[in-house]
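Student: I am new to this structure and would like a close look at a single part of it, with its surroundings added afterwards. Please take me through it slowly.

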Amino acid sequence: MPHERTNPARPFAEDLVSNGLEEMIVAIESGRLPGQLVQRVGLLASGLYASTDPLAPPSLVAETPLSEGVAGGWPRVRLGDGLARRVADPATAAPAPSPIDFALMREELRLDVDGAFPLMVASGTLYRHLTTRVHWIANLRAVGPVTWAGTIWYKDGNAAALPQTNVSITAHLNAFPTQRSATVTFSGGGAPNRVVVLKYVSTTSRSCEFEYDTVQGTNAVTSFNTATHPNRPAALPIENLTIERIYRRAGIQATVSPGSGTIPIAGAGVDLKWSDAEMHDAMQTAWSHFANKPQWAAWALFAAEHETGPSLGGIMFDSSGTTQRQGCAIFENSFINTPPPGDPNAAAAVERIKFWTAVHEIGHTFNLAHSWQKSLGVPWIPLLNDPEARSFMNYPYRVAGGATAFFANFEYRFTDQELLFLRHAPARLVEQGNATWFDHHGFEQAHVAAEPSLTITARVNRARPEFEFLEPVVIELKLKNISTEPQIVDRNLLRGLENLTVITKKQGSPAQQFAPFAHYCYLNGRQVLTPGESVCQSLFLSVGNSGWHLAEPGRYLVQVALHRDSGDLISEPLMLRIAPPTGYSEEYLAQDFFTDEVGRVLSFDGSRTLGEANDTLRDVVGQLPSRRVATHAKIALACPESYRFKSLSIDSSGKKSIADTAVQPRALEELAVVLRDNALEAAETLGHVDTKYYSDLLAQRLADAGQHAEAAKVESAVLGAFEKRKVRAAIVSDVRGRRDAYQKGKSVRANAGELESEVG
Amino acid sequence: MIPLHIHLEEGFANDAVVVRIGGISVAERTGVTTRTQLGLATIVEESVEPARVTVTLEVPTRRTAVEVTVDPRETPYIGCSLDAAGQPSCRLSREILGYA
């Protein structure tokens, strides 16, 4: 095997790994090499650590350092291993696990600080009982020769099971793998320290088996020697790469199934071209380990051609049904069989792109998206597209300069972002057959501030987060200063959605990113939030540019990320429920209601031109007068007639003109019926922010019409409702001030679109 | 006559699409959806005269359209995508457009 040392500064052990000698490391770890060589090679700390027995608890050293003990000390208990732990003060800490908890506790740590492409990241999963699980990820920095520390920036699952926010890890290296371990200390978050010792398990985070089946008469390319093509990075090691080696460097202990082999051509049908259905059937028949369930295994079919034609070099075809991402195919008789024009080594170029295609398609089975699609679909945390990435997940011929430019800089690897996903994302998102394709496909190293000064909350103004069928979902976003210092924020941070990513996910369905109908461009402005102060903004979430997100009955999860230069803020998930229809009328109306036009009319507070949508809303008001959706419909119907509404018209000669219509007093009264006579119901379904917005606007329009007494009545009704609903004092005070002003015959401008500020 | 390949690529989501060549409708599709694992929704192939032609892609579901003039002898492959705002764009290629 050719072997060149390309980077003398690299630790020898790492060099061994990057030059394809992982097998030697494995031999060392399995005790097949003598200890002296182990000393020479040096040991890697990276790898998987776990409690030794899947059902055994990790060794607990102490939950709280003595220096942090409370006066008088906490009661001690003795564990079976003879180590003492302190029981936390129940008033300040999460509930202390009981011995039964420990009996059902399992813990894993994935340490990623050396070896191939280290990310300086650790992640872990804590299983408690049979149903509680929390997955965490932290960025690390070295604080000692074998010690790393950092902040936990991601938690998935039951975050309350791991209240701590920081982690410190010390690796205990040893020539004998069975003697290796890591001491992990969780701290911060107002919780007592938690210290566990986990045993070393393996060099890689995860394991996966690939089965390569080759259609009779087709060649499978599963390896590539980097020396065979002259266009490559100058520092690229010369080595024989295999698909398994690529994935081992990505943190996946990849092995080849002994069931790999040749399958007869008969399965391809009479035209010898493969359809997705034929491939799926072939997967079930030919894959020796096929199972219709999640498993760390993928099937790759090397075939001649897909029915789409030569444009298709490969495909992860398994993207329907509930168990997806198990199978992929690579097509020899496609564009990947044609070398780039003028290539200096055409044969090697073809072998190289076939190898790239095989690794690429298997990457899709791990839920990796293309490099230019990272922001699409449902990345759980926002991702940036990376169309120029030199990654197995990018198309070489799509980058600037084409394949020549791509391979000149390609190091036969995945990007750090992709490695983070493969090594550290929650297993269900990565494992084949688990999360559906493109659901949580991406997973970004969110730039979460270590000690955030602000928090963002997504909430609803009702006792239980339940919505009636057809009732539009309005949530409120609250940005609060949780620091002890004043904070300067962009006045429009919550308004334009430019800085927000909102994800909705119906239980059992892929997540969706909310896209509003309109984007607004605001003049930059600053606002000071004093300690404890917050600003709120409503968000009409049911429908947007990509359709009705929240319409069908069921349970939904909503989560919001707010992007700031100083770090991203992620809200806690908000769980919502949409109730089923209560009768035939609702089901029937739903067919006309859940349309794009009705969505736009509701989002924009009415329209004078979308007649069919208005007719539907009138049907809603007429047939479902006591349902909450009627409140939204009444507002959308009355709003355009409550002010001088401008309309653009074009006559038969093409001449354009703008005309406005007179205010309809009837519309003002219809709005008053909603906001004055039924203020409590309005506040319940519209939310506090929107109720105040509409009532202030109505009061202003009434005052403009000289009806100050009526304006005061509107504000008075809303004041009563807000007091009854215990709305923050600052809001109540503002409403009271408006009422008083109108009672004195004064006019007050509505804060149309202004953020409502509150303290507390 | 020579082939002209019109690839509907990124951004389609249950869209209706009409392809016109020289003003004449050659393909009308509904439910056009990008397969994200390919970055491709569907391919429309038409035989055209070996001369410059105007290709129009209409997307009624987005109330938008794009028009491009191509010489199929030079660039027989057209890749059309919708951006995040639903606006269409096209790229022309001399070589086959590949997906994996």
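Student: Looking at strand S5 of chain B, how many bridges join this strand to S6(B), and do the two run parallel or antiparallel?

Tutor: Please keep in mind that this is a predicted model. Strand S5, which covers residues 53-59 of chain B, is joined to S6(B) by seven bridges, and the two strands run antiparallel. One of the residues to look for is Val59(B), whose bridge partner in S6(B) is Thr64(B). Both strands belong to an open sheet of four strands in chain B, in which the order is S3-S2-S5-S6 and the pairing is antiparallel. The edges of this sheet are formed by strand S3 (24-32) and strand S6 (64-70) of chain B, each of which pairs on one side only. On average, neighbouring strands of the sheet are turned by 15° against each other, if direction is ignored.

From the sheet we can turn to how the two chains meet, where 11 residues of chain B are in contact with 24 residues of chain A. On the side of chain B that touches chain A, seven residues are nonpolar and four are polar, while no charged residue is found there.

Within chain A, it helps to begin with the interior. The largest nonpolar core has 118 residues, and those with the most contacts inside it are Leu111(A), Ala138(A), Ala300(A), Leu301(A) and Ala329(A). Leu111(A), if residues up to four places away in sequence are not counted, touches several residues, among them Ala45(A), Tyr49(A), Ile169(A) and Ala182(A). Another core, of 81 residues, lies apart from the largest one and includes Ile475(A), Leu479(A), Val620(A) and Ala683(A).

Helix H12 of chain A, residues 596-603, has Val598(A), Gly599(A), Val601(A) and Leu602(A) as its buried residues. These buried residues lie on the same side of H12(A), because they cover an arc of only 165° around the axis. They pack against strands S31 (543-544) and S32 (547-548) and against helices H11 (584-593), H13 (611-623) and H14 (628-638), which belong to chain A. After H12(A) comes Asp605(A), whose phi is positive, near 60°.

A last residue to find is Leu698(A), which has its place in helix H17 (residues 688-704) of chain A. Leu698(A) counts as buried because 27 other C-beta atoms lie within 10 Å, the cut-off being 20 or more. Its contacts, leaving aside neighbours within four places in sequence, are Leu668(A), Leu671(A), Ala672(A), Leu675(A) and Val714(A). Leu698(A) and Glu669(A) are 29 residues apart in sequence, and their C-alpha atoms are 9.5 Å apart in space.

How values were computed
Residues are numbered from 1 along each chain as its sequence is written. Chains are lettered from A and ligands numbered from 1 in the order in which they are written. This is a predicted model: local features need pLDDT of at least 70, side-chain atom pairs count only at pLDDT 80 or more; totals for chains, interfaces and linings use all residues. Two strands pair if DSSP finds at least two bridges between them. Axes are lines fitted to C-alpha atoms, for helices over the stretch in contact, and angles run from 0 to 180 degrees between N-to-C directions. Two residues are in contact if their C-beta atoms, placed from the backbone, lie within 7 Å. Ala, Val, Leu, Ile, Met, Phe, Trp, Tyr, Cys and Pro count as nonpolar, Asp, Glu, Lys and Arg as charged, and the others, Gly among them, as polar. A nonpolar core is a set of buried Ala, Val, Leu, Ile, Met, Phe, Trp, Tyr and Cys residues joined through C-beta atoms within 7 Å. A residue is buried if 20 or more other C-beta atoms lie within 10 Å of its own, exposed if 12 or fewer, and partly exposed in between; C-beta atoms are placed from the backbone. The arc is that of the directions from the helix axis to the C-beta atoms.
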